[in-house]
Amino acid sequence: MRSARLELALGSLDLPEGRIAVLRPRLGDDLSALPKDRVTVVTGFKPDYEHFAAQGWQVATDCPEDAATVIVCLPRAKAHAHAMLERASRAALAVVDGQKTDGVDSILKDLRKRGEVSEPVVKAHGKLFTFRADLSEWASRPVMVDGFQTVPGVFSADGPDRGSVLLAQALPALKGRVLDLGAGWGYLARAALEKGAKQVDLVEAEADALACARVNVADERARFHWADATAFRPDQLAHHVICNPPFHVGRDADPRLGMAFVMAAAGMLVPDGTLWLVANRHLPYREALDARFRKVEEIAGDSAFRVIRADGPIRQRVAG
């Protein structure tokens with residue numbers, strides 16, 4: 001979808017000389033219409049970063065200061081979109097590409113009120129256009145919420161989500177090593193430390209969230225890992241894993257992602273270790289939990305969430 005609009009647009013766009021930064025493309029996006037030797041793919045999401053790096057693209061977590069063209073792949077979160085658009089507005093050429101479901105029509109309307117906007121390329125349920133505007137008011141700025149720093153674009157940027165609060169409240173005194181999978185900006189990790197954990201490893205795929213966690217969890221017992229939680233391999237097995245796993249891939253709900261967290265957690269625990277998990281009640285995680293743990297019980301929750309304790313990981317046999 002994105003590739004079709006890029007191909008159409010590049011026929012009429014006069015790209016300035018210099019570096020082209022593509023902000024936040026997602027795994028599966030086809031960027032082959034762009035001159036690869038001039039492109040830097042900019043993303044802080046580890047799976048996407050590794051995907052484009054493996055394809056031979058130059059990758060970075062921050063937009064190059066010398067980028068002459070900045071192409072924004074529009075995210076759904078409006079505050080995040082605003083921050084990305086503000087960065088693009090400082091380039092010689094600012095380009096926006098997004099699906100209708102990403103809110104591209106709303107962004108187009110907002111930008112028309114603030115500056116000059118080209119006629120959009122409309123194709124494949126989305127739009128691509130260029131703009132010129134002063135968007136300094138949209139610049140990304142950290143905010144403090146209930147004693148935690150967050151930034152636009154991270155999960156639950158306006159404060160701890162209900163599921164994480166329920167899980168934190170249900171945690172008992174913790175001993176030994178703790179892994180926080182999908183740690184976000186550090187809410188659960190801080191709770192684990194307050195419960196007495198000897199060490200907490202925060203594993204988070206989103207670089208912006210992990211940067212906030214470094215601020216929020218200023219404790220020598222904390223270690224930080226920019227990694228895909230489902231592929232992470234700890235240097236030591238943990239006594240506890242805590243997680244509030246995501247269940248969306250892009251716009252689509254996909255409970256298989258949470259199940260992958262469950263499977264990964266089982267492989268990271270000592271034989272008598274425990275997984276502490278919070279999940280929406282409608283998500284079908286029970287089968288995965290029963291397959292990988294000897295004892296599974298619901299210990300807390302409300303009408304929307306369940307908090308689960310799973311003890312005794314079952315080791316998967318490796319075929320030989």
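This is a short group-meeting talk on two helix pairs, a pocket, a cavity and one proline in a predicted model.

Okay, hi everyone. Keep in mind as we go that this model is predicted.

Let's start with helices. Two packed helices are described by the angle between their axes and the distance between the axes. So, two things to look for each time.

Find helix H3, residues 78-88, and then helix H4, residues 104-114. Their axes come within 12 Å, and the crossing is at roughly 50 degrees. What do we call that arrangement of H3 and H4? An angle from 35 up to 65 degrees falls outside both the roughly parallel and the roughly perpendicular ranges, so H3 is oblique to H4. As for the hand of it, H3 and H4 make a right-handed crossing.

Who's actually touching? On the H3 side you've got Lys-78, Ala-81, His-82 and Leu-85, and they meet Ser-106, Ile-107 and Asp-110 of H4. It's a mixed bunch: 3 nonpolar, 2 polar and 2 charged residues make up the contact of H3 with H4.

Now hop along to helix H5, residues 162-170, and helix H6, residues 187-194. Here the axes come within 10 Å and cross at roughly 10 degrees. Angles under 35 degrees count as roughly parallel, and that's why H5 is roughly parallel to H6. From H5, the contact uses Ser-164, Val-165, Leu-167 and Ala-168, while H6 brings Tyr-187, Leu-188 and Ala-191. And the chemistry? In the contact of H5 with H6 there are 6 nonpolar residues, 1 polar and no charged.

Next up, empty space. Rolling a probe the size of a water molecule over the atoms shows where empty space is left.

I'll take the second largest pocket, with a volume of about 510 Å³. Its lining has 23 residues, and the ones nearest the centre are Thr-61, Asp-62, Arg-87, Ser-140 and Asp-208. Which helix gives the most to that lining? It's our friend H3, with 5 residues. Helix H7, 207-216, also supplies at least two. Sorted by type, the pocket lining has 10 nonpolar, 5 polar and 8 charged residues.

What about closed-off space? There's 1 cavity of 30 Å³ or more, and the largest cavity holds about 60 Å³. Of its 13 lining residues, Leu-179, Gln-199, Asp-201, Arg-223 and Gln-236 are closest to the centre. Here strands step in: E11 (177-181), E12 (199-204) and E13 (222-226) each supply at least two lining residues. E11 has the largest share, 3 residues. By type, the cavity lining comes out as 6 nonpolar, 3 polar and 4 charged.

Last stop: Pro-142. Where does it sit? Look in the loop between strand E8 (126-133) and strand E9 (143-145). Leaving aside residues up to four places away in sequence, Pro-142 touches Gln-149, Thr-150 and Val-151. And if you follow the chain for 15 residues from Pro-142, you get to Ala-157, with 9.8 Å between the two C-alpha atoms.

So, one thing to take home: H3 shows up twice, crossing H4 at roughly 50 degrees and giving 5 residues to the lining of the second largest pocket. Thanks, everyone!

Notes. Residues are numbered from 1 along each chain as its sequence is written. This is a predicted model: local features need pLDDT of at least 70, side-chain atom pairs count only at pLDDT 80 or more; totals for chains, interfaces and linings use all residues. Side-chain values use heavy atoms; hydrogens and water are left out. Axes are lines fitted to C-alpha atoms, for helices over the stretch in contact, and angles run from 0 to 180 degrees between N-to-C directions. Helices (H or I, at least four residues) and strands (E, at least two) are DSSP runs, numbered from the N terminus. Angles under 35 degrees count as roughly parallel, over 145 as roughly antiparallel, 65 to 115 as roughly perpendicular and the rest as oblique. A crossing is left-handed if the near helix is turned anticlockwise from the far one by less than a right angle, and right-handed if clockwise. Contact means heavy atoms within 4.5 Å. Ala, Val, Leu, Ile, Met, Phe, Trp, Tyr, Cys and Pro count as nonpolar, Asp, Glu, Lys and Arg as charged, and the others, Gly among them, as polar. On a 1 Å grid over the protein atoms alone, a cavity is a set of points where a 1.4 Å probe fits but cannot get out, and a pocket is an open set with protein on both sides within 12 Å along at least five of seven lines; lining residues have an atom within 4 Å of a point. Grid points are joined across faces, edges and corners, and a volume is the space filled by probe spheres set on the points.
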